[in-house]
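Here are some exercises to work through with the model open beside you. Try each task before reading its solution.

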Amino acid sequence: MKLKAVIIDDEKDAIETLSIVVEEFCENVEIVGSASTIKNAIYTVLEKKPDIVFLDIEMPEMNGFDLLKLLPTDTFSTIFVTAYNKYAIEAFKVNAIDYILKPVNINELKLAIKKVTNNSKKINETDIENIIKQINNNTKIQIASIDGIEYIDTKDIIYISADKSYAIIHLENRTIISSKNLKQFEEKISNKFFYRIHNSYFINLNNVIKLSYKDGAKIQMSNGQEIPISRQKRQDFLKIMETLFG
């Protein structure tokens with residue numbers, strides 16, 4: 001008997017793409033429904049009673065974690081399918097079966113389905129480590145500045161700071177002022193080795209030198225700059241750094 005699955009994603013193109021991939025490569029899974037809004041998601045899950053819910057995280061009305069609080073999660077297995085690596089720790093906390101990054105890798109999808117069929121334990125610390133390692137690919141990004149358009153390798157970025165509606169990209173020997181805001185950069189390089197430690201700072205974890213508790217928690221970067229870390233971010237930051245460099 002096939003496993004019944006529902007796809008929840010605010011992007012209809014993403015739903016269609018995942019449906020095609022699942023139908024073609026996961027013969028023991030049948031897509032029985034989908035939803036692109038929170039209201040329809042709740043209705044679809046309650047009506048279809050799926051074995052698996054493929055769930056996006058960032059959606060307009062509420063995020064995937066908030067949606068799970070409204071659903072009978074003990075009746076299905078959750079597989080997150082998202083473009084963002086930064087929620088891996090939180091996925092671990094809500095007992096997801098797996099966490100797959102877009103674009104979906106066929107082998108990773110098959111392994112996730114296998115976990116469901118084998119009644120495997122939920123996502124664990126090793127899974128998180130693998131997730132983060134596989135996205136640690138340094139690639140160039142395009143940055144429009146007042147001087148023109150620059151193409152910067154993300155590994156050369158030490159951190160990005162907010163300045164009102166602008167963002168300042170801090171490199172080793174210079175800075176670039178961009179008309180994009182910090183949130184846009186977070187979305188642009190969310191699959192890279194970066195982490196938002198504060199409302200005003202988005203840092204390259206490879207360039208972290210030290211976490212200091214003197215005069216409030218601060219992170220020292222490779223260029224000598226000390227950056228504050230918000231209290232809410234400290235625990236997750238330490239877990240991620242332990243996973244990556246422990």
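**Exercise 1: packing around helix 1**

Task: find which elements the buried residues of helix 1 pack against.

Solution. The buried residues of helix 1 pack against strand 1 (3–8), strand 2 (29–35), strand 3 (52–55), strand 4 (77–82) and helix 5 (106–117). Contact here means heavy atoms within 4.5 Å, and buried means under 20% relative accessible area, with exposed over 50% and partly exposed in between (1.4 Å probe, protein chains only). Those residues are Ala 14, Ile 15, Leu 18, Ser 19, Val 21 and Val 22. Helices (H or I, at least four residues) and strands (E, at least two) are DSSP runs, numbered from the N terminus.

A note on the source: this is a predicted model, where local features need pLDDT of at least 70 and side-chain atom pairs count only at pLDDT 80 or more, while totals for chains, interfaces and linings use all residues. Residues are numbered from 1 along each chain as its sequence is written, and side-chain values use heavy atoms, leaving out hydrogens and water.

**Exercise 2: a buried ion pair**

Task: work out which parts the salt bridge between Lys 115 and Asp 98 ties together.

Solution. Start with the distance: the closest N and O atoms of Lys 115 and Asp 98 are 3.3 Å apart. A salt bridge needs a side-chain nitrogen of Lys or Arg within 4 Å of a carboxyl oxygen of Asp or Glu. Next, place the residues: Lys 115 lies in helix 5 and Asp 98 in strand 5 (residues 98–101), so the pair ties together parts 17 residues apart in sequence. Finally, check burial: both Lys 115 and Asp 98 are buried.
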